[in-house]
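User: Could you take me through one part of this structure up close? I would like to look at the sheet, and then at what lies around it.

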Amino acid sequence: MFSQLKNPKFYFVFFADICLFALSMLGAYLIRFEFQLSEQWIAQLKFMLPVVVAYKVLVYWISGLYKGMYRYSGISDLWKLFRVASFSTFGVIFFLLVFSRFQGFSRAVYIIDGVLTFVLTGGLRIGIRMAYQEGLLGKKEDFPKFVSWRKRSGRPVLIVGAGDAGEKTFREIADNPRLPYNVVGFIDDDPRKKGGTIHGVKVLGGINQLKRLAVDRSVEEVLIAMPSATGEQMRRVVAACDEAKVSFK
């Protein structure tokens, strides 16, 4: 449990979270009472602030949120953070409900506090990842990017298959700048997918349009991502690539 104490980056996130917990509580009171706090609410805030912050730190610690490698924060980490932030919020509400029946307390304050806690602490972790991604905290070329696409130099390629396998193929290319590919579009025979986008890259049409698209987009290679395709379907794709005079993998 205490192995993360050897990591100096842990302390930055840990103390940043403490500040964000306090900021969330202060922001919740200010939002709830329209930035006009009476002496009663200021006194209550001063009393509750250290209690809530200490409780959240404990919950975040026990939940293992400080064991993560923040440079690789992703959707699964945010989902876990959402659950932990929700649990900590409901814990505070339950405590106040049991011991004071919420007499003299505003429920809205603690709901707003929970939302702000998730947004701010989640934003911190995504911000750290983005800083690594942009080379501010490490070597940019060695860091896998978010699943997003920026046109780059490389061989123009089409991905045949706009399903899970196609998305994973695209993600591998997007995350690995050493792969010499520039994905210019997807090909899929499903008419419902035509015109849609995968991480900002458009599904251009079906197999029967491959030759025209290869010419229009100066495609040099086709990547086939159809693991469940039948033999007949594969032969059709290969024939289309041959007709378009482009290599395929």
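Analyst:

**A close look at the sheet**

Six strands form an open sheet in the order β3-β4-β2-β1-β5-β6, and their pairing is mixed. At the edges stand β3 (197-198) and β6 (247-248); each has a single partner strand, so one side of each is left without a neighbour in the sheet. Please keep in mind that this is a predicted model.

Now let's look inside the sheet. Strand β2 (residues 181-187) and strand β4 (residues 201-205) run parallel and are joined by two bridges. If you want a place to put your finger, try Ile-187, which stands opposite Gly-205 in β4.

What packs on the sheet? Helix α5 (residues 164-175) does. This helix touches β1 (155-160), β2, β3, β4 and β5. The direction of α5 makes about 165 degrees with that of β2.

Ile-187 comes back when we turn to the nonpolar cores: it belongs to a second, separate core of 17 residues, which also includes Leu-213, Val-237 and Ala-244. There is a general idea to remember here: in soluble globular proteins, nonpolar side chains tend to be buried together.

The largest nonpolar core has 19 residues, and those that touch the most other members are Phe-14, Phe-21, Tyr-60, Tyr-66 and Leu-124. Two or more residues come from each of α1 (8-32), α2 (39-62), α3 and α4. Of these, α1 gives the most, with six residues. Leu-124 is a good one to click on: apart from its neighbours within four places in sequence, Leu-124 is in contact with Phe-12, Val-13, Ala-16, Asp-17 and Leu-20.

Next, two loops. Ser-218 lies in the loop between α6 (210-216) and β5 (221-224), and its phi is near 55 degrees, a positive value in a residue other than glycine. Arg-101 sits in the loop between α3 (75-100) and α4 (107-133). Its phi is also positive, near 50 degrees, and Arg-101 is likewise a residue other than glycine. Arg-101 counts as exposed because its relative accessible area is 64%, and the cut-off for exposed is over 50%.

Finally, the cysteines. Cys-19 counts as exposed, at 53% relative accessibility, whereas Cys-241 is buried, with a relative accessible area of 0%. How many disulfides does a search of the whole structure find? The search finds zero.

Conventions. Residues are numbered from 1 along each chain as its sequence is written. This is a predicted model: local features need pLDDT of at least 70, side-chain atom pairs count only at pLDDT 80 or more; totals for chains, interfaces and linings use all residues. Side-chain values use heavy atoms; hydrogens and water are left out. A disulfide is a pair of cysteine sulfur atoms within 2.5 Å. Buried means under 20% relative accessible area, exposed over 50%, partly exposed in between (1.4 Å probe, protein chains only). Helices (H or I, at least four residues) and strands (E, at least two) are DSSP runs, numbered from the N terminus. A nonpolar core is a set of buried Ala, Val, Leu, Ile, Met, Phe, Trp, Tyr and Cys residues joined through side-chain atoms within 4.5 Å. Contact means heavy atoms within 4.5 Å. Two strands pair if DSSP finds at least two bridges between them. Axes are lines fitted to C-alpha atoms, for helices over the stretch in contact, and angles run from 0 to 180 degrees between N-to-C directions.
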